[in-house]
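Got the structure open? Let's go through some of the labels people put on a fold and ask what backs each one up.

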Amino acid sequence: MIETVKVFKKFTWYHVPNMTSDDKEELVITHHLTSEMIGYAVDNNEAVRMEYDNFADEALMVIDVISYHDEAVETRPVGILFAHGNLYTFSHDVTDYIQAVLLDPQNRQKRHDDTEISVVDFVMTGLYSLMTRYVEQVTEINRKRRIIQAQFGQQKRTTKQMNELLRLQTQMIYIQNSLANNHVMLDVFKKDFQKTLLTFEIEHIDDVRVEVGQAEHMANLALTVINSISDAYGNLSNRDLNWTMKVLTVYSIVLTVPTIVSGFYGENVKWLPFADAISGWWVTIVITVLLMAAVSLLLAINGFFRK
């Protein structure tokens with residue numbers, strides 16, 4: 001359904017959540033939008049970029065925003081289309097919250113009233129709030145990472161902890177990549193429209209760029225720390241595995257001694273010492289224990305029992 005969210009003096013804002021084929025037909029016939037731009041705007045896998053159709057008077061901004069799921073936080077593109085002096089926004093279920101954010105952004109940016117506000121001023125003020133959500137999400141991921149990191153020194157490492165760390169690492173990769181692309185896209189937008197924008201509009205674009213840059217720096221640092229912890233976890237796991245293999249090797253060497261001793265006496269060779277003695281069985285046990293003790297002592301002296 002195509003929603004007419006608000007009519008301003010200088011433009012009208014239309015919002016299209018989960019676009020249907022009927023919505024697309026109406027946008028093409030009634031609003032005179034091009035099918036190509038609409039396709040780019042609603043593509044859930046579209047790359048972050050600016051797309052222009054000068055002949056049709058359309059400019060499309062594809063930008064990544066935080067998308068909230070039940071167990072994970074990722075990023076998804078949304079389409080912001082400037083066409084014929086109006087604004088069109090396209091979203092899906094996980095990104096439909098952008099309508100509320102654009103309509104009532106909670107940030108320090110000063111937005112003009114409805115009679116004076118321009119479409120760029122309106123969009124950039126809302127984008128500032130959308131970009132601050134990246135900072136909030138990176139902060140939350142850092143909080144979860146510190147909890148996992150603290151558990152490493154207090155208890156035995158578990159697969160659950162490693163899986164949680166891997167999940168945070170995956171989320172940070174999505175966030176880092178989206179922030180980098182958003183930063184480039186905003187630079188392109190400013191460069192392309194700099195000659196037609198007013199001073200305060202350029203200032204709002206710069207404010208959004210600064211917020212994205214700050215979030216990008218935080219994301220890079222957070223991902224570096226998570227990678228370091230993951231590498232440290234892998235090194236500790238490898239050390240534990242090496243220790244386990246070392247212990248098993250030592251035990252196999254020590255337990256080889258009884259096999260050797262019993263093997264000699266099991267051949268029924270007549271001239272073996274104590275082979276015909278009544279107490280020969282106990283003698284072989286004593287020989288076995290003494291040899292095992294000697295081998296264990298030799299291995300201990302050479303550090304095979306040290307972790």
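Q: What makes the pair formed by the side chains of Ser91 and Asp96 a polar contact?
A: In this predicted model, the two side chains come to 2.9 Å of each other. The cut-off is 3.5 Å between N or O atoms, with one able to donate a hydrogen and the other able to accept it. So the Ser91–Asp96 pair, at 2.9 Å, qualifies as a polar contact.

Q: Why is Ser91 called buried?
A: Its relative accessible area is 2%. Buried means under 20%, so Ser91 belongs in that class. Ser91 lies in strand 6.

Q: What does Ser91 touch, leaving out residues up to four places away in sequence?
A: The list is His15, Val16, Pro17, Asn18, Asp96 and Ile98. Take His15: it sits 76 residues from Ser91 along the chain, and the C-alpha atoms of the two are 8.1 Å apart. Contact is judged on heavy atoms within 4.5 Å, and Ser91 does touch His15.

Q: How do you know that strand 2 and strand 6 are paired?
A: Two strands pair if there are at least two bridges between them. Strand 2 and strand 6 have 5, in the parallel sense, so they count as paired. One place to look is His15, whose bridge partner in strand 6 is Thr89.

Q: What about strand 1 and strand 2, and how do they run?
A: Here 4 bridges do the joining, and the strands run antiparallel. Thr4, for instance, has Tyr14 as its bridge partner in strand 2. The two strands form a hairpin, with 4 residues between them.

Q: Why is strand 2 described as largely enclosed?
A: Look at residues 12-17: 6 of the 6 are buried, so the rest of the structure largely encloses this strand. Thr12, Tyr14 and Val16 point one way, while Trp13, His15 and Pro17 point the other, and all are buried.

Q: Why do strand 1 and strand 3 count as edge strands?
A: The sheet is open, has 6 strands with mixed pairing, and follows the order 1-2-6-5-4-3. Strand 1 and strand 3 each have a single partner strand, so one side of each is left without a neighbour in the sheet. From one strand to the next, the twist averages 25 degrees.

Q: Which helix packs on the sheet, and what does it touch?
A: That's helix 5 (residues 159-193), touching strand 3, strand 4 and strand 5. Its direction makes about 155 degrees with that of strand 4.

Q: What makes Tyr68 and Tyr97 an edge-to-face pair?
A: Rings pair if their centres lie within 6.5 Å, and planes over 60 degrees apart count as edge-to-face. The ring centres of Tyr68 and Tyr97 are 5.6 Å apart and the planes meet at 65 degrees, so the label fits. Tyr68 is in strand 4 and Tyr97 in the loop between strand 6 and helix 3, 29 residues apart, so the pair links distant parts of the chain. The structure holds 9 aromatic pairs. There is also an aromatic cluster made of Phe8, Phe11, Trp13 and Phe122.

Q: Tyr68 or Tyr97: how is each one classed, buried or partly exposed?
A: The line is drawn at 20%. Tyr97 has 19% relative accessibility, so it counts as buried. Tyr68 has 35%, which puts it in the partly exposed class.

Q: What makes the phi of Asn18 and that of Asp57 worth pointing out?
A: Most residues other than glycine have a negative phi. Asn18 is not a glycine, yet its phi is positive at about 50 degrees. Asp57, not a glycine either, has a positive phi of about 60 degrees. Asn18 is in the loop between strand 2 and helix 1, and Asp57 in the loop between strand 3 and strand 4. Partly exposed runs from 20% to 50%; Asn18 at 32% fits that class, as does Asp57 at 46%.

Q: How do you know that Thr288 is buried?
A: Its relative accessible area is 13%, and the cut-off is under 20%. Thr288 is in helix 8 and touches Val257, Pro258 and Val261, not counting residues up to four places away in sequence.

Q: Which elements have the highest and lowest mean pLDDT?
A: Strand 6 has the highest, at 96, and helix 7 the lowest, at 78. The protein chain averages 87, with 93% of the residues scoring at least 70. Where pLDDT is low, the predicted coordinates should not be read in detail.

How values were computed:
Residues numbered from 1 in each chain as written. Predicted model: local features only at pLDDT ≥ 70, side-chain atom pairs only at ≥ 80, totals over all residues. Heavy atoms only, no water. Buried < 20%, exposed > 50% of the residue type's maximum accessible area, 1.4 Å probe, protein only. pLDDT = per-residue confidence, 0-100. Axes fitted to C-alpha atoms, helices over the stretch in contact; angles between N-to-C directions. Phe/Tyr/Trp six-rings, centres within 6.5 Å; stacked < 30°, edge-to-face > 60°.
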